[in-house]
Structure formats: C-alpha cells, structure tokens
Number of protein chains: 2
Amino acid sequence: MSNEVVWDRPEPPIKPSPTPLSRDLIVNAAIRLADEGGLDEVSLRKVAAALNAGPMRLYGYIETKDELLDLMVDEVYGEITPPPPSADWRAGLQHVAHGIRDAAKRHEWFIDLLSPRPHQGPNSLAHIESTLATVRFEDIDQVLSAVGAVMAYVYGAVRSEITELRAERSTGMTEEQWQRASGPYMERMLATGKFPMLGRVMHESSDRDPAQVFDEGLDYVLDGIAARHGI
Amino acid sequence: MSNEVVWDRPEPPIKPSPTPLSRDLIVNAAIRLADEGGLDEVSLRKVAAALNAGPMRLYGYIETKDELLDLMVDEVYGEITPPPPSADWRAGLQHVAHGIRDAAKRHEWFIDLLSPRPHQGPNSLAHIESTLATVRFEDIDQVLSAVGAVMAYVYGAVRSEITELRAERSTGMTEEQWQRASGPYMERMLATGKFPMLGRVMHESSDRDPAQVFDEGLDYVLDGIAARHGI
DNA sequence: TCTCGTTCCGATACAGTGTATTGAGCGATA
DNA sequence: TATCGCTCAATACACTGTATCGGAACGAGA
C-alpha cells in the first residue's frame, strides 16, 4: 500500500497565503498604518508585514519608499471632492479649503507629506485643476495669484492646527494638563516680564472654536482678493 | 640615563584634541551641515565628526536629536530682527513676514522643522512676542486672529516657494530642463484635455518675481484684516 | 514524465540611523 | 598613595531603506 499516511512528513512550507498584491493594496495598508500610529509606523517592513509579505515583495510594485509616500498623498487628494461647478469663486475656494482641512484631520500625516516634493499624481492634478477652474477671473495671472494665496494660507493654517493638536496630545490632554507639564517653564518665562503680549494671550484670550478661527483667517484672504480684483 | 628617548613607545592614543564642546558649537556645526547638504546631512555621527568628537559625546550637551533640531530652529529665529517699535501693524507684520522668508532662504531646512512641534525656545518666544506687540489692536482676540492668519500665509507661501525651488534644482535647472525631464509625463497629461486650466497656467501665465508674488499674497491678507478691523 | 528556462519571492547582507550600556582613563580628594 | 567620581569613547542593539542572489514554482518542450 503506497498511499499510507506519513505522519511526520515535513509540512510544505505552508505558503502563508501569498496574497496577490497591488499598488492599491500596498498604499491602503500604508495609509491605515499611518492613520493609526503616525508616519513612523510606515516602514517597508511593517507595511509588508501587514500584507503577509516580505519587505522585498513591495519592490515589485513600488520603486522606492518615497514613491509610496507620493502615492499615499495622491490617494488622499482623491478623497477630496471638487467644488460644484455652480459655485462662484469664493464659495469654490472655501469648499476646497474645507476639503483639505477635513482630509488633514482624517489623516494627520497628510500635511507632513505635502512639503517635500510637488505632487504630480493624477488625483493631485485633478485637484489643482478643479481648484483653478472654480476661479473664473479673466486674467490667468490673477487666478494663479488668488489660488496661490488661498492655498498658502490653508497649508499654513492646517499645519499649525495639527501641530497644536499633537502638542496637546503629547503632553497629556487638556489645558489643565498642559499647564502642569510645560507650564513651569512658561510660567518662569512669563514671570521675567519680557513677554507681556504672550502673557495677555495666555490669560486674556478666549479659546475659540478652531474651525471658526480657520474660517476667519480664510475670510481675510478672500476679502483681500475680492478687494483687489473688483469683487 | 633614564631619560633616554624610547623611539618605539606606543603613541599615547593621540588625544585628537578633545576640543571643549558646547551647545552653541554643536548647534552651529549642525546648522552649517544642514545649510550645505540639507537636513539629511545632520546625523549625530556627522555632527560629532565635524567637531572631532565621537557621537556619544554630544549627549552630554543634548538630550536627544529632536532637541538639537529644536535648538537649530531657535537659533534661526534669533537671526530674525524684530520690527522697529515705530512700525504700525501693517509695516510690522510685513517686516516679520520678510524676516521669515529671508531666513528660510538662507536656511532651506528651516521651514521643514517648523512643523513638528511648537517652538518654545527663548528666541522663538521673543519672536512671537515682538510679532504680537507690533499689532496694537485693543482686542487681544483680534490681534491673535490677525497674527495667526498672517503667519499661516507666510508659512504656506514660504513652504511652496522652497518646494518649488527644490524641484527645480533636482530636475536639473531651468524651465527648459524641466520641460525635458518631467515634461513628457505632463505633456501626456495635458494632452488628455482633462486639465485645461493647468494647460493655460503652463502656457499663458507669465512667470513673475517670486518676491512680488509673495508680497501680493501678503497684501491680500493684510487688506482683509484692515477691512474687518477698521483700518 | 522528465527536464529546462524563466520568473518571481524571500532570505540574507550592507550601510546607515538614534541611542543604551559599559568600561577605561584621569583629576581631585581623603 | 588609594579611592572616588566624572568624562569620554567603544561597543552593541534595534531599526531603517535597499542590493544581491539562491532557490522554489511553474509552464513549455521532448
């Protein structure tokens, strides 16, 4: 009888389910890791492990880690809905601004990746296109100038919001906590009397809704644009 | 004779001139490295090597690498001259904006380090203080709002300027070069006809002086502030 | 059915990073 | 002179991105 069971036959290497991979799977895995644990959690080894694959496997779909980061950015741009064609330039730019801010809140790492290189992915280009298209000034230079200024403000504002949010989270949580953590140092600084305005800000200013602050700053920019280029 | 020359005495480990170190020396060395070769060139090993020291030596003066980066940022803030007390709020904020832009041009890595954490070093605090002090609105919330918006714009604008500058440098140099490098891809994209506005921008827009563009955007913001808070 | 060629996957390797640990040397004090 | 304490550097560890390469898997041809 040749078909006897051989109990101690070495298991075939167990094929750990060689999941078929794809750029999208890789990018989404990376995004999930980044959402949960921050950008530090995105290493090729960890991304690969999340997909039951060895690190080198990724290089079949991706040239370099930077490319993966670019793809992540482009994916997020794809999540941002373009302004409706019916919107006038002001509403359109507000829509775009909120889209970016919301995306950055969903993916806190997003704003960190906007800096390095310009984004040339399809979604990024579509985003820029729709942003430009929502401003129907006749002079293209005016369009560029307006969009550029709004985008600059948005990036900066989102950046500072995320930074503040991280600082809060890292020192514990509430204002109370912060007072206790980095408080002593600041108290000493303020006590020197060399920073009266900072003192006023910390004691007298009302802490307002961040969304409102964001919109107020955005209104400054939009008002300025409207004033310069007749309505 | 006991004081004979012993030729083959093993050299004392040569004490490679154990230069006395200091935070300032370390920070300045790091800044020089970053200025020359970018932030990647700032590793504890390389900074230490630049000072004829072993890597671990630095930990006598610095708690962690992040602290070194914070110190670098604060040092650059120290280079920025505060606005003269005589300046009105508009001139004052313009002064600050230009100060940051100029510093970021001198130290291209500066803008990359502004994001991570809030800056609490003495120079950073002094910078914020003088910025706030130049805006003499009666309502502290209005001061905060105005300064916040201007700073957001400045950060965003500088960021995009630096990014663009790096892109140019990495692909070779001129518009010509760029056309040849990343051009084919863009050409294909534009040829799809899905990005008419991008096409117009690339072909019709006049490339203006970056400084002028920066100031124009800044004027938008300042105009908007002036309009909302009576002049 | 057996062998060959190709194609893909993963193990291994390398140079680099930040930092913890450890030990050696030296100057000051008892 | 003996010992303590401090300073500095060597070593080590875990981790990164990526090049190289051996071997397994698989389809084609004999």
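These are my notes on two protein chains and a DNA strand in a predicted model.

**Ground rules.** Residues count from 1 along each chain as its sequence is written, and chains are lettered from A and ligands numbered from 1 in the order in which they are written. Because the model is predicted, local features need pLDDT of at least 70 and side-chain atom pairs count only at pLDDT 80 or more, while totals for chains, interfaces and linings use all residues.

**A against B.** I looked up the contacts (C-beta atoms, placed from the backbone, within 7 Å) and found 49 residues of chain A touching 49 of chain B. On the chain A side, the elements giving two or more residues are H6 (122–133), H7 (140–171), H10 (196–204) and H11 (210–228); helices here are DSSP runs (H or I, at least four residues), numbered from the N terminus. H7(A) gives the largest share, 18 residues. By class I noted 25 nonpolar, 12 polar and 12 charged residues; Ala, Val, Leu, Ile, Met, Phe, Trp, Tyr, Cys and Pro count as nonpolar, Asp, Glu, Lys and Arg as charged, the others, Gly among them, as polar.

**Symmetry.** I then laid chain A on chain B (least squares on C-alpha atoms with pLDDT of at least 70 in both): RMSD 0.1 Å, with a turn of 180 degrees and a shift of 0.0 Å along the axis. That is a two-fold axis relation. Of the interface residues of chain A, 100% are also interface residues in chain B, so the copies meet through the same surface.

**DNA strand C.** I count 14 residues around it (C-beta, placed from the backbone, within 6 Å), with A:Gly54, A:Met56, A:Arg57, B:Ser43 and B:Lys65 the closest. Helix H2 (44–50) of chain B gives the most, three residues.
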